[in-house]
Amino acid sequence: MLAPAAVLLSVLAASSAVPAPPKALAPAAARATEALLRRHGEAERGRIERGVAQAAAFWRVSGPQPDGDAKAFEAFCAEHFLPRGPALDATFARLEASFEALDGHTLEIDRELSRWAQLDLGPLQPLDGLLDALDPSAHVTDDLFAGKVAFVALLDFPLTTLDERLARGEGWSRREWAEVRLANRFARRVPAEVNQGIARAAARADAYIADYNLFMHHVLSEQGERLFPKGKRLLSHWNLRDELKAQYAQEGGLARQRTIAKAMERIVTQTIPASAVNDPAVDWNPFTNEVRPAPAETIEEGKPRDRAAPAREPDTRYATILANFRAARAADPYSPSAPTHIARTFDLQREIPEARVVAMLEEVLGAPELRALGKVIAGRLGRPLEPFDVWYAGFRPRTKRSEAELDALTRARYPSAEAFAKALPETLEKLGFSPERARWLAERIEVDPARGSGHALQAARRGDRPHLRTRIGKDGMDYKGFNIAVHELGHNVEQVLSLYEVDHTLLQGVPNVAFTEALAFVFQARDLEVLGLAARDPEARRLAALDTLWATAEIAAVGLVDLGMWHWMYDHPGASPAELREATVRIAKDVWNRWWAPVIGVKDSPILAIYSHMVNNQLYLPDYPVGHLIAAQIEEHVDALPAGKTLGEEMERMATFGAVAPDLWMKHATGEAVSSRPLVRAAARALEGT
Ligand SMILES: [Zn+2]
């Protein structure tokens, strides 16, 4: 039975993915709708109204490259709208095949152009960087709109909001999911100048954070002592944080940690003297905030100064964030189904609603296990916790075998990339794939010697192969390189399965990066088994579970600060950098006081706002804790496989489900939607053993 038109209409009205046509096109859209209704009848009313509205929303009647006038729009609708039936099926199949070819081949071109820059193929030529920077896919979406292919997709297939995908997606067929992915590719038509503005702001932010160093020999303790060796130059925030972590294992580390933490606070509050940044000729005491010329013999580079200016950094950090925000906001009008940057990162990229992400992060932060773990850490340190202890790094297990022993083993076994490639079938069998499946997978993975550290490069069309890039030293693959290569192999196996074995190539891949990372970690954690050594020891796993809870809670709070800052900017689009600084410090302290102060026992720390990602990575930070949750959930699932099920079969079952919504993928994989519970459960079990 066909749904009555009234039902279709109410569904349509509830769908905020269908925008109202622009004024100039409204009469033409109404005429096109009427004409199509006369031709195809009431049964197609829902599809007609939605399709015409979707196409009209993106059609440009004026501007530098118009798509055509109102008459042309009407004619286009008449020619390209297809009722359900064989012609629509054929159109769907052609678009699916065309996008696979387009995406797959542009990816291959990109890979070929960058091979000299990325692979260990002899001396670099000046040309290599230029070829590497070319992106053959940069204008594909623009061209698909200009060539009107995008309008066929918008006219005939549904745009959806995340709410619709979540509310109704479980009942959709695979073909319906593929149609959703097909149309969603065109959910945004952002003009080139807006994209250029975003890229310019991002490039400025990158440059700002890439050149923000402290010369630590000149960052003094509260008593004015030099605690750090000459020449130590630390980039904010990554190197500062990593140095802070490393100091847990150092004699006298506490004073250095307090000094770094104080410097971080000064960066967040922008009370840091501008002269203390990037200058080895200026001594700075972050406690008193005094600056003075450094004695000549302490200076690493450059000339001694006569004086050091005490003026603080003039809120450059927050001016940079605001510039990024304004550039991102300029894209809002061109993204009707996700009309803010916040909505785009949650609804289009993560595909988990903001409220659910926040709730999951708060579950981790509010877990009684976190407070219990805080007590364990304070006990291990033998002192009350301080705010920088959110970066506690003492849960590293002692390994049974020395790194040198493992290096010798992997170097002998994998003297070259070819040797690693040749061993792939055997490696995959050790990871739980049948001999036939292991061979089949190995035939579809290309191994390359990389210049940098390892990475996995997907393929996007059948017939092409994912690439595993691995770093091989002169004397063969060391253990660290091997461990990374096994991680990358996890990506490659996911990539082969989710491309070759998925039923629709429009659904190739996994829902988002966190999922492929989780599958890669499953492999990486079993690297010793590949070497024929004993499986992971239980104590190492116990410590890892504690470390994961602590690290996830830390980055969850950081994510909440980032999110709070973005909401504040949307609420105050005209704010000055100084106002944004005040708001961000307040938000960071609020998040701290609510979640971390009860664990650490100290109030009002702004330290969570130190992450450089807040400056240049536009709301990426919440992805980290969500990634930890997804990894823990998959790990828990594969750890408890029923007898008779191998890891290989289970990987295949999970990976071939394709890029549906994350919750659906996870339900299919583990029986439960994405959740914080497995991670907290693992920590609770680990705590029982402390
Ligand atoms: Zn990875």
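The following questions and answers examine how the terms applied to this predicted model are justified.

The model is predicted, with local features requiring pLDDT of at least 70 and side-chain atom pairs pLDDT 80 or more, while totals for chains, interfaces and linings use all residues. Residues are numbered from 1 along each chain as its sequence is written, and side-chain values use heavy atoms, without hydrogens or water.

Q: What makes His487, His491 and Glu517 donors of the zinc ion?
A: Donors are N, O and S atoms within 2.8 Å of the metal (3.2 Å for Na, K and Ca), and water is not among the atoms, so sites may look incomplete. His487 (NE2), His491 (NE2) and Glu517 (OE, listed twice) lie 2.1 to 2.6 Å from the zinc ion. Their spacing along the chain is H-x3-H-x25-E.

Q: Why is the arrangement around the zinc ion called irregular?
A: Four donors are tetrahedral if all angles lie between 85 and 135 degrees; four are square planar and six octahedral if opposite donors are over 155 degrees apart and all others between 65 and 115; anything else is irregular. The four donor atoms here subtend angles of 52 to 142 degrees, and the arrangement is therefore irregular.

Q: Why is histidine 491 called buried?
A: Buried means under 20% relative accessible area, exposed over 50%, and partly exposed in between (1.4 Å probe, protein chains only). Histidine 491 has a relative accessible area of 6% and is therefore buried.

Q: Why is glutamate 517 called partly exposed?
A: Glutamate 517 has a relative accessible area of 29%, which falls between the two limits.

Q: How do you know that the rings of phenylalanine 145 and phenylalanine 186 are edge-to-face?
A: Rings of Phe, Tyr and Trp (its six-membered ring) pair if their centres lie within 6.5 Å; planes under 30 degrees apart are stacked, over 60 edge-to-face and the rest tilted. The centres of these two rings are 5.6 Å apart and their planes stand at 85 degrees, so the pair is edge-to-face. Both phenylalanine 145 and phenylalanine 186 are buried.

Q: What makes the pair of phenylalanine 325 and tryptophan 566 edge-to-face?
A: The ring centres lie 5.8 Å apart with the planes at 70 degrees, so this pair is edge-to-face. Phenylalanine 325 counts as buried at 0% relative accessibility, and tryptophan 566 does so at 2%.

Q: Why is H29 called mostly covered?
A: Of the 17 residues in H29, 13 are buried.

Notes: Helices (H or I, at least four residues) and strands (E, at least two) are DSSP runs, numbered from the N terminus.
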